[in-house]
Amino acid sequence: PIEIELVASGNRLADQWKSSEPVSYITPAGMTASPVYSRVSVIHSGQSVYVSSIYGDTSASAREEVRSIFVQLRELLKLAGTNFNQLVKATYYVADDASSKLLNDLRPDFYDPKRPPAASKAIVKGVGKPGHSLTLDMIAVASD
């Protein structure tokens with residue numbers, strides 16, 4: 001099973017959701033905030049950046065394979081004029097329990113616990129590239 005995410009657009013936001021930041025992160029009433037994902041990400045300004053199909057270095061340990069995905073992501077975000085603090089949405093595709101656990105363990109090394117992207121993790125049979133067990137899709141915002 002996977003939680004279904006929603007990406008929506010709208011011009012009218014409640015006053016409490018307005019922000020001068022390009023992205024804000026909201027925990028709805030009655031829900032608990034997480035340091036590795038948010039329930040709601042709101043884009044206030046900037047250009048959308050889409051990143052897909054990053055694979056880690058399989059010649060290293062499983063931990064380094066997962067870490068290398070985030071290192072690559074950091075560099076791609078930098079090239080696009082953004083960073084981890086402006087990630088809006090993450091979808092993780094994991095093909096085994098070890099990659100899923102390592103993903104959970106390593107995300108706090110890269111995400112500000114007050115600004116994690118809205119996220120979903122899908123357990124899949126394969127991630128599209130032989131020998132790999134994790135890939136991801138991300139949406140970020142580059143500031144104007």
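**Exercise 1. The surroundings of G56**

Task: In this predicted model, determine which residues G56 is in contact with once its neighbours within four places in sequence are left aside, and decide whether G56 is buried or exposed.

Solution: Begin with the location, which is the loop between β3 (47-52) and α1. With its neighbours within four places in sequence left aside, G56 is in contact with E65, S68, I69, Q72 and H132. A C-alpha separation can be added to this list, since G56 and R67, 11 residues apart along the chain, have C-alpha atoms separated by 7.5 Å. For the final step, the cut-off for a buried residue is under 20% relative accessible area; G56 has a relative accessible area of 7% and is therefore buried.

**Exercise 2. H132 as a partner of G56**

Task: Find which backbone atom the side chain of H132 reaches, and classify H132 as buried or exposed.

Solution: H132 is found in the loop between β5 and β6. Its side chain reaches the backbone oxygen of G56 at 3.4 Å, a value that can be set against the limit of 3.5 Å for a polar contact. Leaving aside neighbours within four places in sequence, the residues in contact with H132 are Y55, G56, T58, E65 and V127. With a relative accessible area of 14%, H132 is buried.

**Exercise 3. The geometry of helix α2**

Task: Compare the expected span of helix α2 (residues 97-110) with the distance between its end C-alpha atoms, and locate its kink.

Solution: The helix has 14 residues, which at 1.5 Å a residue should span 20 Å; the end C-alpha atoms are 21 Å apart, so the two values agree. A kink of about 25° nevertheless lies at N104, shortly before the proline P108. At the start of α2, a side-chain oxygen of D96 reaches to within 3.3 Å of the backbone nitrogen of A98. The buried residues of the helix are S99, S100, L102, L103, L106, R107 and F110, and what covers them includes α1, β4, β5 (118-123) and β6 (134-142).

**Exercise 4. An aromatic pair and its cluster**

Task: State how many aromatic pairs there are, and classify the pair formed by F70 and F84 from its plane angle.

Solution: The count comes to 5 aromatic pairs. For F70 and F84 the rings are 6.5 Å apart centre to centre with 40° between the planes, and this pair is tilted, because the angle is neither under 30 degrees nor over 60. The pair links distant parts of the chain, with F70 in helix α1 (residues 62-79) and F84, 14 residues apart from it, in the loop between α1 and β4 (87-94). Both F70 and F84 are buried, and together with F110 and Y111 they form one aromatic cluster.

Technical notes:
Residues are numbered from 1 along each chain as its sequence is written. This is a predicted model: local features need pLDDT of at least 70, side-chain atom pairs count only at pLDDT 80 or more; totals for chains, interfaces and linings use all residues. Side-chain values use heavy atoms; hydrogens and water are left out. Rings of Phe, Tyr and Trp (its six-membered ring) pair if their centres lie within 6.5 Å; planes under 30 degrees apart count as stacked, over 60 as edge-to-face and the rest as tilted. Helices (H or I, at least four residues) and strands (E, at least two) are DSSP runs, numbered from the N terminus. Buried means under 20% relative accessible area, exposed over 50%, partly exposed in between (1.4 Å probe, protein chains only). Contact means heavy atoms within 4.5 Å. The expected span of a helix is 1.5 Å times one less than its number of residues. The bend at a residue is the angle between axes fitted to the seven residues ending there and the seven starting there. A polar contact is a pair of N or O atoms within 3.5 Å; within protein, one must be able to donate a hydrogen and the other to accept it, and residues adjacent in sequence count only if both atoms are side-chain atoms.
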